[in-house]
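Open the model in your viewer and keep the selection tool at hand. The stops below go from the whole chain to single residues and pairs.

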Amino acid sequence: MRLILLFPALMGLLLAAGCANYQMGDHVEVPFKTVYVKPVINRSFAPQAEVILANQLIEDLNRSGQVKTADPGADVTLNIVLSDYQRGVSATRPQDTQQARAFTLTLTATVTLINNKTGEVYIEQRNITAQQQAFTEGGFIQSEYQAMPILTRKLAEMISSQVLGAW
């Protein structure tokens, strides 16, 4: 009888020991500890996306625990240029097929990551693209305004993944 009661306790200890060293995420060692995110340049027609993207990206990088964002004296510099912004009709109204009901917003950033000490280029002008739906029920301008932070969040996560990815 004691053996039956002891078995679940032993299984619990074994499971707890197995989880003791678990770390969330992909903790790959990157060859730098600090990142300077230069002000994002907006060469697209994405309305006011550069500040939102920069803030979200800095937040993602700091939250990763792998690197910290810093001033221009950091180990690496991250250059981001918003190079393209497209609005494509993804759904039309049943009563009028000439009138859009939803748009697919596509934002492309060109990313370069340079080692400030050696001049080595880790990422060279890599295009990263994110998409988001915008529904026009409240008007297109309002729906685009509401979708922009979601679109830039997706793009920031993709850029962060590229910067902190497998080395």
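The tour of this predicted model starts with the overall fold and then moves through a helix, some core positions and several charged pairs.

**Whole chain.** Colour by secondary structure: the protein chain has three helices and six strands, in the order α-β-β-α-β-β-β-β-α along the sequence. Of its 167 residues, 36% are buried. Among contacts with a separation of 6 or more, 71% join residues 24 or more positions apart. Switch on the surface: the chain exposes about 10,500 Å², with carbon and sulfur atoms supplying 57% of that area.

**Helix H1.** Select Leu6, Leu10 and Leu13, which make a nonpolar surface patch of about 300 Å². Leu10 lies in helix H1, residues 2-19, and counts as partly exposed because its relative accessibility is 45%.

**Helix H2.** Next select residues 49-64. This helix has 16 residues and reaches 22 Å from its first C-alpha to its last, close to the 22 Å expected at 1.5 Å a residue. Its buried residues are Ala49, Leu53, Ala54, Gln56, Leu57, Asp60 and Leu61. Just after H2, check the backbone of Gly65, where phi is positive at about 80 degrees.

Stay on H2 and show the side chains of Glu59 and Arg63. They meet in a salt bridge with an N to O distance of 2.5 Å, and the two residues are four apart in the helix, about one turn. Glu59 is partly exposed at 41% relative accessibility, whereas Arg63 is exposed at 55%. Add Asp60 and Arg153 to the selection: with Glu59 and Arg63 they are linked in a network of salt bridges.

**Strand E4.** Select Leu82, which is in strand E4, residues 76-92. Is Leu82 buried or exposed? Leu82 is buried, since its relative accessible area is 0%. Beyond its sequence neighbours up to four places away, Leu82 touches residues including Ala49, Leu53, Leu107 and Leu155. The C-alpha atoms of Leu82 and Thr108 are 5.9 Å apart, with their positions 26 residues apart along the chain.

**Helix H3.** Move to Leu151, in helix H3, residues 140-164. Leu151 also counts as buried, at 0% relative accessibility. Its contacts, leaving out residues up to four places away in sequence, are Tyr85, Leu105, Leu107, Ala130, Gln131 and Gln132.

In the same helix, select Glu144 together with Arg87. Their closest N and O atoms are 2.7 Å apart in a salt bridge. The pair links distant parts of the chain, Glu144 in helix H3 and Arg87 in strand E4, 57 residues apart. Glu144 is buried at 7% relative accessibility, while Arg87 is partly exposed at 41%.

**End of strand E5.** Select Asn115, in strand E5, residues 100-115. Asn115 counts as buried at 11% relative accessibility. A polar atom of the Asn115 side chain lies 2.7 Å from the backbone nitrogen of Lys117. Asn115 also touches Asp75, Val76, Glu120 and Tyr122.

Now show the side chains of Asp75 and Lys117, which form a salt bridge at 2.7 Å, N to O. Asp75 is in the loop between strands E3 and E4 and Lys117 in the loop between E5 and E6, so the pair ties together parts 42 residues apart in sequence. Lys117 is exposed, at 62% relative accessible area.

**Last selection.** To finish, display every salt bridge in the model; the count comes to seven.

Key: Residues are numbered from 1 along each chain as its sequence is written. This is a predicted model: local features need pLDDT of at least 70, side-chain atom pairs count only at pLDDT 80 or more; totals for chains, interfaces and linings use all residues. Side-chain values use heavy atoms; hydrogens and water are left out. Buried means under 20% relative accessible area, exposed over 50%, partly exposed in between (1.4 Å probe, protein chains only). Contact means heavy atoms within 4.5 Å. Accessible areas come from the Shrake-Rupley method with a 1.4 Å probe; for residues, only the protein chains shown count as cover. A polar contact is a pair of N or O atoms within 3.5 Å; within protein, one must be able to donate a hydrogen and the other to accept it, and residues adjacent in sequence count only if both atoms are side-chain atoms. Patches are made of residues with over 30% relative accessible area and no salt bridge: like charges are joined within 9 Å, nonpolar side chains (Val, Leu, Ile, Met, Phe, Trp, Tyr) within 5 Å. A salt bridge is a side-chain nitrogen of Lys or Arg within 4 Å of a carboxyl oxygen of Asp or Glu. The expected span of a helix is 1.5 Å times one less than its number of residues.
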